[in-house]
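Open the model in your viewer and switch to a cartoon view, with side chains ready to be shown as we go. Each stop below tells you what to select and what you will find there.

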Amino acid sequence: MIWLGIETANTPLSIAVIKDGKIVAEMVQNIKLTHSAGAMPAIEEILARIDVKPNDLDAIAVSEGPGSYTGVRIGVTLAKTLAWTLQKPLVGVSSLKALAANAALYNGLVCPIFDARRRNVYTAVYQGETLEALVEDHHAHIDDVLVRLKALEQPILFVGTDVDIFWENIVQMLGDYAVRAPFSIDLPRATEVIHIATKMELPSVEATHHFVPQYKRIAEAEANWLKEQKEKEHD
């Protein structure tokens, strides 16, 4: 079985192809190149290099969010378009879980973090090895997150390039419970997206129509509109 994996949920871009449980090709980069301009060419290049035609694919896996609104939207739109055009099943995987999977061999709690601006983050807590979600994917202020993590009273491995933004706060709150993952596993990988997807039930091709991103937060425009409505109610 041949899988195509797409990971564009944040600045890093990763594309991978796995055949019969073996990595055939993978690309991971962390440069500020718009995914709308870089993702599809990367897919075409990888498939060409390994001599796999689009129709040879059996399934597509994509990181469905949370993360950058634009990054998630681009990846999901690209994956849906390919899946429907090729009539192949599409499997969505949490981008936070995919990042946590880099540290799956860690015998303890793993906390992936994506910066969501204004000192907010997208985060979760997974049990290493099993990747069981002990705290589900969510959007929250970093201070609220750290209070919740401190209450766990366990060592926690933090993974992701955005951890550095909050590391001083993390150590201040958690002390010795805070463990920093090595930089070599900070970037999300499309191979992990596929690995998680292979353990899930394959949906029907028709289900692609109903596939939606998991932003875990309403868009800023909608949030501002709701805020305006509440203010009007109190006028």
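Start by selecting isoleucine 6 and valine 62: valine 62, in S4, is the bridge partner of isoleucine 6. Now widen the selection to strand S1 (residues 2–7) and strand S4 (residues 59–63), which run parallel and are joined by four bridges. This is a predicted model, so keep that in mind at every stop.

Next, bring up the whole sheet. Five strands make an open sheet with mixed pairing, in the order S3-S2-S1-S4-S5. At its edges you will find strand S3 (22–29) and strand S5 (90–93), each pairing on one side only. From one strand to the next, the twist averages 15°.

What packs on this sheet? Helix H1 does, touching S1, strand S2 (13–19) and S3, with its direction at about 25° to that of S2. Add helix H6 (residues 190–197) as well: H6 lies across S1, S2, S3, S4 and S5 and runs at about 125° to S1.

Stay with H1 (residues 35–49) and select helix H2 (residues 69–86). Their axes come within 10 Å and cross at roughly 35°, and the crossing is right-handed. Show the side chains here: His35, Ser36, Ala39, Met40 and Ile43 of H1 meet Gly71, Ile74, Leu78 and Leu82 of H2. Six of these contact residues are nonpolar, three are polar and none is charged.

Now for the salt bridges, of which there are five. Select glutamate 26 and arginine 189, whose side chains meet at 2.6 Å, N to O. This pair links distant parts of the chain, 163 residues apart: glutamate 26 is in strand S3, and arginine 189 is in the loop between strand S10 (178–180) and H6.

Move on to aspartate 143 and arginine 119, a salt bridge with its closest N and O atoms 3.7 Å apart. Aspartate 143 lies in helix H4 (residues 142–150) and arginine 119 in the loop between strand S6 (109–115) and strand S7 (120–127), so the pair ties together parts 24 residues apart in sequence.

Then pick aspartate 186 and arginine 180, which form a salt bridge at 2.9 Å, N to O. Add Asp164 to see one network, in which salt bridges with shared partners join Asp164, Arg180 and Asp186. Is aspartate 186 buried or exposed? Aspartate 186 counts as buried because its relative accessibility is 6%, under the 20% cut-off.

Finish at methionine 173 in helix H5 (residues 163–174). Beyond its neighbours within four places in sequence, methionine 173 contacts Leu146, Val147 and Lys150.

Terms used: Residues numbered from 1 in each chain as written. Predicted model: local features only at pLDDT ≥ 70, side-chain atom pairs only at ≥ 80, totals over all residues. Heavy atoms only, no water. Helix = DSSP H or I, 4+ residues; strand = E, 2+ residues; numbered from the N terminus. Contact = heavy atoms within 4.5 Å. Axes fitted to C-alpha atoms, helices over the stretch in contact; angles between N-to-C directions. Left-handed = near helix turned anticlockwise from the far one by under 90°. Nonpolar A, V, L, I, M, F, W, Y, C, P; charged D, E, K, R; others polar. Pairing = 2+ DSSP bridges. Salt bridge = Lys/Arg side-chain N within 4 Å of Asp/Glu carboxyl O. Buried < 20%, exposed > 50% of the residue type's maximum accessible area, 1.4 Å probe, protein only.
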